[in-house]
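Visitor: I keep meeting words like "buried" and "salt bridge". Please show me what stands behind them.

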Amino acid sequence: MTEQPIHLRIRRQDRPDSAPYWQEFTIPGHPDHNIVSLLMALRENPVTVSGERVDPIVWEHNCMEEVCGSCAMLINGVPRPSCSALVAELDQPIRLEPLPKFPVVRDLLVDRRRIDQGLKQVKAWIRIDGVWDTHEGAPRIGPDAWAADYLYSRCMSCGCCMAACPQFGPHSAFLGPAPLAQARLMNAHPTGRYDKTERLHAIMADGGLSDCGNAQNCVRVCPKEIPLTTAIGELGRQTTVQLLKDLFGPR
Amino acid sequence: MSTPNVIVIGGGLGGLWATLRIADAGFPITLFSLFEVKRSHSVCAQGGINAVLDTKGQHDSIRQHIIDTIKGGEYLANQPPVKAMCEDAPGLIHTFERMGVTFSRTPEGLLDQRLFGGVKNKRTCFAGASTGQQLLYGVDQQVRRLESEGKVVKHEWWEFLSLLLDADGVCRGIVAMDLNSLEVRAFTADAVVVASGGMGQLYAPKSTTSTNSTGAAASRCYRQGAWMANAEFFQFHPTAMMGHDKNRLMSEAARGEGGRIWVPKTPGDRRPPKTIPEAERFYFLEEFFPAYGNTVARDEAARAIWTVTRQMGLGIGGDGGDRVYLDLTHLDAAFIGARLGAILEIYRKFAGVDPMTEPMEIFPAAHYGMGGLWVDFERSADGGIQPDSPRNHATNIPGLYACGECDYAYHGANRLGANSLLSASYSGRVAGESVVSYLKGLAVDRGGLAPAIPQAEVACQQGINAELMRAEGADTPYLIQKELGALMTTKVGVVRSNPELTSALGEIQVLQERLGNARLGESSTWANQSLAFARQLGDMIELAAVVAQGALARDECRGAHYKPAFHIPIPEGTFAGDPEFEAYRDRWHANNAQWLKTTIAEHTRDGPKLSYQEVDLSVYAPTEPRDYR
Ligand SMILES: Cc1cc2nc3c(=O)[nH]c(=O)nc-3n(C[C@H](O)[C@H](O)[C@H](O)COP(=O)(O)OP(=O)(O)OC[C@H]3O[C@@H](n4cnc5c(N)ncnc54)[C@H](O)[C@@H]3O)c2cc1C
Ligand code: SF4
Ligand code: SF4
Ligand code: FES
């Protein structure tokens, strides 16, 4: 493990509409540094390699345990949560850039509201009558179905998969992999399946499933190892059936 | 009168539950959060949530859950709300289930339950090792649905700064800041719910909580007249993995499955742990507590680690030698992998070291603030709380409600494992119901808020920002926070003494002065995080004084608050009936007569003013001292 100074190159941007620029920093090494702890140390004394005192770097973080999904950024060109990116395992100089495909707010902070919009579009919820007690248990779910669903319920909306997806971005209306996987999850639920048709229609529209080019980039970067392409495959079969139902089914 | 509207501050489990309940009743809501609500600290909880479902043939009972909760909190929690919470827990779990929460299942497809600390029955529902995340997403999805139906408006990346109080001292809205544009704006409302989470960051970085668990929002309410209660009670978890940025929780399960805690016998022994022979290791838990060994209770283990590292100087690790080893390397790899996979993964991911081959380095870490904003309740005829009473979860400021970790109810002097997800959810629901009753009872002709009030409050808050932006002192807020965390960890931590607490109060005062004269180091008027942070830090320092003052005044040992100078030990080898034991019992009762009370802190210009309130013991009276022999 390294006690050498750590060398960082950070892409900065002051405002959403201003031009990006790079700055370089060195900071004393510590064996258990991750990128978030490094940025925290840096903000105590933000001086560049050329000795210029600059504004502390802006980025988002909360849990620092890779579960809240807030701290994702591009690290050495790869989208990933920065709290679980251990410095000792990274090549230097370490390049930090904002998560691509999402509008930059400032420095490494981006606006990921499009994930939220996607979740609304696919109706990623179980429609219940109200949150009062119904004095009744919920439907049973077998352990195998549970195990399959549980994988998808861990998606923390970090946006890494979307950042890696060639089809997703400001240029296209594509929903992106994460909201699609949530549609898969909700369709599988014993109550959620009541709204399956609506969800499928939502992803059969523009920006839906058919925009996926099957490049598989998304699964490769997901820190929670969510089987995104499996979900997309399942949804593909579901939409095919839905299409036939729409054409020939009872009205 | 137009439909009354509500503001909810906080989108963790507490805030989202309150939101759902109020929206159910048809009142419009605006929800404020520092960031997207699904990133709230509630996602961090791993272990589970308690509810008596009695699915394991153990004859578990709600009565037992109530007693475990009361005893776990060393009798300091008002008992009617505890009773009502335990009774409502099963219904709450079923509602979560209906929302689609992926609780772990038995082979029959029913909810699985597991054993948790402090309890004899399997009573804890869980969703793999990510229970908090799954519960939060359950309510987050419901709120998103309501949002798409236009019933809820979310203001994410907005920070609550202060309350709007009318001439009668009634809460009529808030002032908040857009964290990007830094715009400060007033929002009027007919009722406000604070659900802003805990204050673990007072102990940063030696805390297991998220960086947003600062307690600043609660502190702001306190400054404007809301009471803080029992702030001195702070739970320290014995086994957290040390990190530069934070301490990450290593579940109790590691010790439960056979993990052993030790330090080298020789101070400053720098040899790699695996090369230190057995005879030169100090298995101190096994020596201090022969009967329980490594599985001794959380608070005892935390204190023992403290003694060994801070007093005996035997700690290992770089940061002033305050770590100890938690060793799993002697156990069967396949067994441990299957039983503890999730936490091993965290350790591997964040330390880059495999706990199967190297002992883990751990330390006690600030984990949960038992105290918080004082809230009321109305006792019902059956000894629980009166459903739909507007008094439930009301603070002492009319129109202001509090729920979740930022309130003080349910946990007393200590918390029962897996009861805080329950209390956050339950109290959110109750606060929501209570607000609905409050709104229904509002006078029709209450009138609007005089415009001068929001105008003045906005100007005042803008003034604070301007002053911070101008300051050109020597310190930065980030350095001051580091010092606050170190001070709290050292002097207001696991073990406390009056001289140290007195000196801590002095140092807290100095930190406050230094912050007044710090420099932000940036003047950007767009997404200036240093500004928001400096503001929060001021409120944290204020809160730190309440914690320290409460701890100084409370001359006893109760739950998480431990002062050796006032410890009343059970005389060794004596039992009920022995004169010595009876003398001890008398001392225990006398101590309760003086200290079995809720600490109330009121803000004054000269610091917190303390007073004490009787605890409602109507469900299960404290007649017997705790005796673990
Ligand atoms: C590592 C860890 C593990 C845990 N495991 C368990 C467990 O297994 N079982 C259990 O029962 N409990 C557990 N707990 C405790 C439990 O997770 C928390 O007590 C609970 O989730 C708190 O929920 P909350 O809604 O009160 O607050 P939070 O989830 O912290 O939410 C706070 C909200 O307030 C908002 N907010 C704060 N300040 C402001 C402001 N000024 N303006 C606007 N918004 C603001 C934030 O944006 C956030 O949305 C654990 C805690 C930790 C640290
Ligand atoms: S498989 Fe589809 S969603 Fe995934 S990266 Fe490729 S195009 Fe994007
Ligand atoms: S699917 Fe994976 S990469 Fe995509 S948002 Fe969810 S957790 Fe992140
Ligand atoms: S800080 Fe929460 S995922 Fe990294």
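Visitor: What makes the approach of G11(B) to ligand 1 a polar contact?

Guide: A backbone N or O atom of G11(B) lies 2.8 Å from an oxygen atom of ligand 1. A polar contact is a pair of N or O atoms within 3.5 Å (within protein, one must be able to donate a hydrogen and the other to accept it, and residues adjacent in sequence count only if both atoms are side-chain atoms). The value 2.8 Å is within 3.5 Å, so the name applies. This is a predicted model: local features need pLDDT of at least 70, side-chain atom pairs count only at pLDDT 80 or more, and totals for chains, interfaces and linings use all residues. Residues are numbered from 1 along each chain as its sequence is written, chains are lettered from A and ligands numbered from 1 in the order written, and side-chain values use heavy atoms, without hydrogens or water.

Visitor: Which side chains have a polar atom beside an oxygen atom of ligand 1?

Guide: S42(B) has one at 2.6 Å. E405(B) has one at 2.7 Å. Both residues are also among those that come nearest, in a shell of 39 residues around ligand 1. A residue is near a molecule if one of its heavy atoms lies within 4 Å of it.

Visitor: How do you know what kinds of residue surround ligand 3?

Guide: Sort them by class. Ala, Val, Leu, Ile, Met, Phe, Trp, Tyr, Cys and Pro count as nonpolar, Asp, Glu, Lys and Arg as charged, and the others, Gly among them, as polar. The shell has 10 nonpolar, two polar and no charged residues. Its members include C155(A), C158(A), C161(A) and C222(A).

Visitor: What does the same sorting give for ligand 2?

Guide: Eight nonpolar, six polar and no charged residues. C165(A), C212(A), A215(A), Q216(A) and C218(A) come nearest, out of 14. Helices α7 (217-221) and α8 (228-248) of chain A each supply at least two residues of this shell.

Visitor: Why is A593(B) called exposed?

Guide: Its relative accessibility is 56%. Buried means under 20% relative accessible area, exposed over 50%, partly exposed in between (1.4 Å probe, protein chains only). The value 56% is over 50%, so A593(B) counts as exposed. This residue sits in helix α15 (residues 579-595) of chain B.

Visitor: What makes α1(B) largely enclosed?

Guide: Of its 12 residues, 11 are buried, so the rest of the structure largely encloses it. Among the buried ones are W17(B) and R21(B). Helices (H or I, at least four residues) and strands (E, at least two) are DSSP runs, numbered from the N terminus.

Visitor: How do you know that the length of α1(B) agrees with what is expected?

Guide: The expected span is 1.5 Å times one less than the number of residues. For the 12 residues of α1(B), residues 13-24, that gives 16 Å, and the end C-alpha atoms are 16 Å apart, which agrees. Just after the helix, G26(B) takes a positive phi of about 90°.

Visitor: Why is the pair E44(A) and K482(B) called a salt bridge?

Guide: The term asks for a side-chain nitrogen of Lys or Arg within 4 Å of a carboxyl oxygen of Asp or Glu. Here the N to O distance is 3.2 Å, so the pair qualifies. The pair crosses between chains, from helix α1 (residues 35-44) of chain A to helix α12 (residues 477-491) of chain B. K482(B) is partly exposed, at 45% relative accessibility.

Visitor: What does the salt bridge between D60(B) and R123(B) tie together?

Guide: The closest N and O atoms are 3.0 Å apart. D60(B) lies in the loop between β3 and α2 (62-72), and R123(B) in the loop between β4 (113-114) and β5 (124-125), so the pair ties together parts of chain B that are 63 residues apart in sequence. Both residues are buried.

Visitor: Why does K38(B) have no salt bridge?

Guide: The nearest side chain of opposite charge, D140(B), is 4.5 Å away. Lys and Arg count as positive and Asp and Glu as negative; His and the chain ends are not counted. The limit is 4 Å, so 4.5 Å does not qualify. K38(B) is buried all the same. Its side chain does join that of S157(A) in a polar contact of 2.7 Å.
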